[in-house]
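Here's a quick briefing to read with the structure open beside you. Take the topics in any order you like.

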Amino acid sequence: MKTPTKIKHITPYAIFLSIISIILPSCRHKDIEFEDVPLQEVEVVFDWSKSPDADPASMALWLFYDPSESADSTLRYDFNNNKGGEIKIPYGSFSGLAHSSDNSDWAHFRKTEDIETFEIFTREIYNLPSSGLKTRGIPKAQDAEDETMVETPKKIWNGRNDNMSLRKGETKKTLVFYPEEVTCEYTVDIIDIQNLSSIDGNSADATLSGMSGGFMFGKGESSDTRHTLTFIVTKDRDNNSLHGEFLTFGESPKTRNPHKLGLYLFMTDGNKYFYSFDVSNQIYDAPDPKHVHIVVSGLSLPEPIVGGGGFVPDVNDWESVDIDLKM
């Protein structure tokens with residue numbers, strides 16, 4: 001089992017946290033060495049029995065020390081593998097979070113000083129991913145006009161371990177974490193489309209409203225927020241359909257928000273259409289909330305206007321169509 005080669009964002013006390021976050025935000029250390037802070041070597045193990053197919057390349061470990069025993073402290077260790085290794089930690093009582101850290105440029109964190117408030121979230125986007133169209137001023141689904149558009153997350157795994165401690169005199173200690181996948185897999189199929197060929201290009205922008213914008217690692221649940229996710233759907237000419245796949249943090253755990261599937265279409269004659277479908281029930285009633293399949297059937301697109309052609313993607317002259325789905 002390899003020893004982690006690098007440790008970053010190490011904050012054993014509140015004062016040190018403030019100083020190091022300002023002065024050395026990107027500094028990386030091979031060991032933790034602080035005056036008057038005794039440390040002991042322990043073994044960290046990431047057990048993947050709950051996610052046997054997972055294979056992240058690296059892991060991050062956060063330890064949250066009991067403030068009744070020491071000053072407020074949050075420590076982070078980085079591992080260049082998914083098995084674990086040896087680290088040096090202070091004595092005391094603590095809880096821990098372990099999450100995959102590779103392929104995580106999309107990930108943002110906030111309120112990391114407390115395990116109960118620790119949250120991962122995705123950033124707001126200002127251009128749709130397929131067309132590059134600016135998100136400000138474009139039509140949105142009813143009930144989603146005030147929602148922030150955000151990017152979808154990528155796969156990430158997380159595990160929590162509580163009531164851990166290291167006492168003086170202990171020479172052999174193992175910290176075990178059981179990471180599980182945090183994200184949910186969503187697929188969208190818009191089938192039996194009439195006049196699919198009238199859509200310009202091979203892909204289009206789509207959105208799904210009313211979704212959580214983050215995940216509370218410590219609580220193990222989606223954030224109680226309401227955002228619109230943006231993703232791409234691609235043409236399947238053989239089946240007259242559009243297909244999209246993306247990951248989400250799921251629904252808010254406290255509120256059943258309405259969910260609207262939005263579709264932004266640029267047509268070959270230069271016209272622009274925004275279609276909106278209420279898919280709330282398909283999400284509410286999904287047999288497996290971790291794997292949700294949304295289906296829209298029978299979309300009829302207008303035939304291209306003869307002599308039309310060419311367009312400039314802007315926010316003007318959208319025609320919005322709100323469609324009630326027949327279940």
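What follows is a tour of the sheet, the aromatic rings, the charged pairs and two serines.

Keep in mind that this is a predicted model. On the aromatic side there are 19 pairs in the structure, and the salt bridges come to 10. An open sheet of five strands is also part of the picture.

**The open sheet**

- The five strands run in the order β5-β4-β7-β11-β13, with antiparallel pairing.
- At the edges you'll find β5 and β13 (180-181), each with a single partner strand, so each has one side left without a neighbour in the sheet.
- Further in, strand β7 (residues 92-100) pairs with strand β11 (residues 157-166) in the antiparallel sense, over seven bridges.
- If you want a residue to start from, try H99, whose bridge partner in β11 is N158.

**Aromatic rings**

- A pair of aromatic rings is described by how far apart the centres are and by the angle of the planes.
- Among the 19 aromatic pairs is the one between F46 and F79, an edge-to-face arrangement with 5.2 Å centre to centre and 85° between the planes.
- That pair links distant parts of the chain, with F46 in strand β3 (residues 39-46) and F79 in strand β5 (residues 74-79), 33 residues apart.
- Both F46 and F79 are buried.
- Y264 and F274 make a tilted pair, because their ring centres are 4.6 Å apart and their planes sit at 40°.
- Since Y264 belongs to strand β20 (residues 260-266) and F274 to strand β21 (residues 272-278), this pair ties together parts that are 10 residues apart in sequence.
- Y264 counts as buried at 2% relative accessibility, and F274 is buried at 2% as well.
- One aromatic cluster is made up of W62, F64, W106, F109, F118, F215, F217 and F249.

**Charges over rings**

- R110 puts its charged end over the ring of F121, 3.8 Å from the ring's centre.
- R256 does likewise with Y284, its charged end sitting over the ring at 4.3 Å from the centre.

**Salt bridges**

- K50 and E180 meet through their side chains in a salt bridge, at 3.9 Å from N to O.
- K50 is in the loop between β3 and β4 (59-65) while E180 is in strand β13, so the pair ties together parts that are 130 residues apart in sequence.
- E180 counts as partly exposed, at 39% relative accessibility.
- R226 and E147 form another salt bridge, with the closest N and O atoms 2.5 Å apart.
- This one also links distant parts of the chain: R226 sits in the loop between β17 and β18 (227-236), E147 in the loop between β9 (119-121) and β10 (148-151), and they are 79 residues apart.
- The two partners have their own burial classes: R226 is partly exposed with a relative accessible area of 32%, whereas E147 is buried at 5%.
- E170 and K173 form a salt bridge too, the closest N and O atoms being 3.3 Å apart.
- Here E170 is partly exposed with a relative accessible area of 25%, and K173 is partly exposed at 23%.
- Salt bridges with shared partners also join E116, R160 and D162 into one network.

**S222**

- Look for S222 in strand β17 (residues 221-222), where it counts as buried at 10% relative accessibility.
- Its side chain reaches two backbone oxygens, that of F249 at 2.2 Å and that of E251 at 3.3 Å.
- Beyond neighbours within four places in sequence, S222 is in contact with S212, G214, F215, M216, F249, G250, E251 and P253.
- Two of those contacts, F215 and F249, also appear in the aromatic cluster.

**S252**

- S252 is found in the loop between β19 (241-248) and β20.
- Is S252 buried or exposed? At 8% relative accessibility, it counts as buried.
- The side chain of S252 makes a polar contact with the side chain of D224, at 2.6 Å.
- Leaving out neighbours within four places in sequence, S252 is in contact with S212, S223, D224, T225 and N257.
- G210 is 42 residues away from S252 along the chain, and their C-alpha atoms are separated by 8.3 Å.
- S212 turns up in the contacts of S252 and also in those of S222.

Terms used. Residues numbered from 1 in each chain as written. Predicted model: local features only at pLDDT ≥ 70, side-chain atom pairs only at ≥ 80, totals over all residues. Heavy atoms only, no water. Helix = DSSP H or I, 4+ residues; strand = E, 2+ residues; numbered from the N terminus. Buried < 20%, exposed > 50% of the residue type's maximum accessible area, 1.4 Å probe, protein only. Polar contact = N/O pair within 3.5 Å; in protein donor to acceptor, adjacent residues only side chain to side chain. Contact = heavy atoms within 4.5 Å. Phe/Tyr/Trp six-rings, centres within 6.5 Å; stacked < 30°, edge-to-face > 60°. Lys NZ or Arg CZ within 6 Å of the ring centre and 35° of its normal. Pairing = 2+ DSSP bridges. Salt bridge = Lys/Arg side-chain N within 4 Å of Asp/Glu carboxyl O.
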